[in-house]
Amino acid sequence: MARVAPLWLDHLAVERGLSSNTRDAYRRDLVRYSQFLSLRGVDDFEQIAAPDVQAFQAWLATGDADHSPLAPASVARCVVTVRNLHRFAVEDGLAGEDVVADIRPPKQGTRLPKALSVEQVQALLESPDPESVEGLRDRALLELLYGTGARISEICDLDVDDVARVLASPDAGLRLLGKGNKERVVPLGSFARSAVEAWLVRGRPAWQERAATPGPALLLNSLGRRLSRQSAWFALQKVARGAGLDVEVSPHSLRHSFATHLLDGGADVRVVQELLGHASVTTTQIYTLVTVEHLREVYQQAHPRAR
């Protein structure tokens with residue numbers, strides 16, 4: 001494992017261009033796999049057999065004294081990681097047989113994205129204090145997330161130069177670098193523009209001065225460094241508490257809300273696919289299930305002959 005895993009992770013970075021966040025997730029899965037194989041006394045990659053992988057899947061799902069059971073989605077991801085690792089080993093001549101070729105990850109039920117209502121999003125966006133530097137930063141963060149449907153990593157990776165051209169021209173779109181280094185251009189609405197401009201003029205300079213070496217990052221933390229994904233998540237939780245929301249709120253729930261509200265408003269699913277940066281429209285179509293469920297609820301509540 002110590003020989004094969006690094007080669008596969010390098011392959012993902014160099015030849016497939018996967019992001020460091022995706023590779024880190026795979027690396028964590030492989031650590032679990034390696035730990036389990038050690039427990040079974042398997043210390044040679046060529047010794048791994050199908051029953052070992054089947055036992056690994058069961059171990060993930062049931063847990064033991066040292067670790068809690070994983071959710072079905074996490075188990076499925078780990079199994080897919082292991083399948084891809086073994087396939088790579090065979091294709092690269094590092095193993096003679098793909099012992100996991102016939103092993104399938106556990107089936108999962110359709111999990112609908114959790115979207116906030118328009119009213120909840122409005123309360124969230126109005127919660128940050130516009131008179132504080134932190135409030136200006138948080139407002140810009142939230143408006144960018146909801147206004148573009150971007151992933152949190154895509155927003156945190158933005159530099160000032162990335163938004164300068166968009167602010168200068170109302171018709172210009174914001175360039176985002178998504179999974180697999182795939183670039184897309186999304187519109188930036190007036191509310192997001194205003195929030196970003198306010199942050200750049202009245203907020204960012206105050207925190208940029210605190211950095212030993214000022215950098216190009218658009219969104220900063222209080223030390224003047226680039227805002228991390230983790231810090232952005234904590235900032236969002238703080239804003240949600242301030243807004244009095246009693247529902248789960250995360251950067252990804254704003255992405256879900258962006259897509260759901262567009263479809264509710266009549267947007268074509270393929271347009272939403274492009275805006276979200278999904279490689280396949282199948283991924284985007286799950287949001288249509290959300291809107292159908294919403295329509296069903298409205299019908300049940302509003303139509304006199306619904307019940």
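These legends accompany close-up views of a predicted model.

**View 1. Helix α10 and its surroundings.**
Helix α10 covers residues 229-242, 14 residues in total. From its first C-alpha to its last, α10 reaches 20 Å, close to the 20 Å expected at 1.5 Å a residue. Its buried residues are Ala 232, Ala 235, Leu 236, Gln 237, Val 239 and Ala 240. The elements that cover these buried residues include α5 (118-126), α6 (133-148), α7 (152-156) and α11 (251-264). Just after α10 comes Gly 244, with a positive phi of about 75 degrees.

**View 2. A salt bridge between α6 and α10.**
Helix α10 also takes part in a salt bridge, in which the side chain of Lys 238 meets that of Glu 134 at 3.3 Å, N to O. Glu 134 is in helix α6 and Lys 238 in helix α10, so this pair links distant parts of the chain, 104 residues apart. Both partners are partly exposed: Glu 134 has a relative accessible area of 31%, and Lys 238 has one of 44%.

**View 3. The aromatic pair Tyr 33 and Phe 56.**
The structure holds seven aromatic pairs. In one of them, the ring centres of Tyr 33 and Phe 56 are 5.0 Å apart. Their planes stand at 55 degrees, so the pair counts as tilted; the tilted class ends at 60 degrees, over which a pair would be edge-to-face. Tyr 33 belongs to helix α2 (residues 20-39) and Phe 56 to helix α3 (residues 50-62), so the pair ties together parts that are 23 residues apart in sequence. Tyr 33 is buried, at a relative accessible area of 0%, and Phe 56 is buried at 1%. The two rings are also part of one aromatic cluster, formed by Tyr 33, Phe 36, Phe 56 and Trp 59.

**View 4. A salt bridge at the start of the α2 and α3 connection.**The structure holds eleven salt bridges. Asp 52 and Arg 40 form one of these, with their closest N and O atoms 2.8 Å apart. Arg 40 lies in the loop between α2 and α3, while Asp 52 lies in helix α3, so the bridge ties together parts that are twelve residues apart in sequence. The partners differ in exposure: Asp 52 counts as buried at 8% relative accessibility, whereas Arg 40 is partly exposed at 41%.

**View 5. The salt bridge between Glu 154 and Arg 151, and a network.**
The side chains of Glu 154 and Arg 151 meet at 2.6 Å, N to O, in a salt bridge. Glu 154 counts as buried, with 3% relative accessibility. Arg 151 is buried as well, with a relative accessible area of 12%. Elsewhere, salt bridges that share partners join Asp 29, Arg 32 and Arg 77 into one network.

**View 6. Val 271 in helix α12.**
Val 271 is found in helix α12, which covers residues 269-276. Its relative accessible area is 45%, so Val 271 is partly exposed. Ala 172 is 99 residues from Val 271 in sequence, and the two are 17 Å apart in space, C-alpha to C-alpha.

Note on methods
Residues numbered from 1 in each chain as written. Predicted model: local features only at pLDDT ≥ 70, side-chain atom pairs only at ≥ 80, totals over all residues. Heavy atoms only, no water. Helix = DSSP H or I, 4+ residues; strand = E, 2+ residues; numbered from the N terminus. Expected span 1.5 Å × (residues − 1). Buried < 20%, exposed > 50% of the residue type's maximum accessible area, 1.4 Å probe, protein only. Contact = heavy atoms within 4.5 Å. Phe/Tyr/Trp six-rings, centres within 6.5 Å; stacked < 30°, edge-to-face > 60°. Salt bridge = Lys/Arg side-chain N within 4 Å of Asp/Glu carboxyl O.
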